[in-house]
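Grab a pencil and have a go at the exercises below before peeking at the solutions. Each one starts with a task and then walks through the answer.

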Amino acid sequence: MFLEKKGNSIGAKCPVKIKYNCTGDLCQAMLYRAGNNAMSGLIMNKAGATSDETIFYGAGTYYIDANTIGSYSMTIEDFR
């Protein structure tokens with residue numbers, strides 16, 4: 001298994017693809033490595049609706065911090 005969900009975190013053993021769809025007025029989401037308060041990556045940051053995907057490299061345990069006005073969904077899958 002390449003991805004493992006533990007509580008509110010995601011454990012990744014390989015690059016992951018994060019697909020997102022946000023229909024709100026504000027769509028922001030950042031990726032943080034567990035145990036580190038520094039942002040590891042930006043998933044989405046847009047005023048208005050957006051839908052796209054992004055690839056993140058590096059094994060570890062990560063948390064997603066999403067700030068939206070409206071609704072959103074994300075799908076995380078291994079990237080090969």
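Here are the ground rules, followed by four exercises.

This is a predicted model, so to speak of local features pLDDT must be at least 70, side-chain atom pairs count only at pLDDT 80 or more, and totals for chains, interfaces and linings use all residues. Residues are numbered from 1 along each chain as its sequence is written, and side-chain values use heavy atoms, with hydrogens and water left out.

**Exercise 1: the sheet**

Work out the strand order of the open sheet of 3 strands, and find its edges.

Step 1. Strands here are DSSP runs of E with at least two residues, numbered from the N terminus. Two of them pair if DSSP finds at least two bridges between them.

Step 2. Reading across the sheet gives β6-β3-β8, with antiparallel pairing. The edges are β6 and β8 (72–78), each of which pairs on one side only.

Step 3. From one strand to the next, the twist averages 15°, taken between axes that are lines fitted to C-alpha atoms, with angles running from 0 to 180 degrees between N-to-C directions.

Step 4. Zoom in on β3 (residues 16–22) and β8: 7 bridges join these antiparallel strands. V16, for instance, sits opposite D78 in β8.

**Exercise 2: the salt bridges**

Track down the 2 salt bridges and say which strands they link.

Step 1. The search is for a side-chain nitrogen of Lys or Arg within 4 Å of a carboxyl oxygen of Asp or Glu. In general, side chains of opposite charge can pair when their charged atoms come close.

Step 2. One hit is E53 with K17, at 3.9 Å from N to O. E53 belongs to strand β6 and K17 to strand β3, 36 residues apart, so this pair links distant parts of the chain.

Step 3. Check exposure, where buried means under 20% relative accessible area, exposed over 50%, and partly exposed in between (1.4 Å probe, protein chains only). K17 counts as buried at 16%, while E53 is partly exposed at 39%.

Step 4. The other hit is E77 with K19, whose closest N and O atoms are 3.8 Å apart. Because E77 lies in strand β8 and K19 in strand β3, the pair ties together parts 58 residues apart in sequence. E77 is partly exposed at 27%, and K19 is partly exposed too, at 34%.

**Exercise 3: the disulfide and T50**

Which cysteines form a disulfide, and which residues does T50 contact?

Step 1. Look for a pair of cysteine sulfur atoms within 2.5 Å. That rule gives 1 disulfide.

Step 2. The partners are C22 and C27, with their sulfur atoms 2.0 Å apart. Their link is left-handed, with -80° about the S-S bond.

Step 3. Both cysteines are buried: C22 has a relative accessible area of 1%, and C27 comes in at 0%.

Step 4. Now T50, in strand β6 (residues 50–56). Leaving aside neighbours within four places in sequence, T50 has contacts (heavy atoms within 4.5 Å) with Y20, N21, C22, C27 and M44. T50 is buried as well, at 16%.

**Exercise 4: around I64**

Is I64 buried or exposed, and which residues surround it in contact terms?

Step 1. I64 falls in strand β7 (residues 60–69).

Step 2. Its relative accessibility is 31%, which puts I64 in the partly exposed class.

Step 3. Beyond four places in sequence, I64 touches I18, A29, M30, L31, I43, M74 and I76.

Step 4. Take A29 from that list: I64 and A29 are 35 residues apart in sequence, yet 6.7 Å apart in space, C-alpha to C-alpha.

Key. Helix = DSSP H or I, 4+ residues; strand = E, 2+ residues; numbered from the N terminus.
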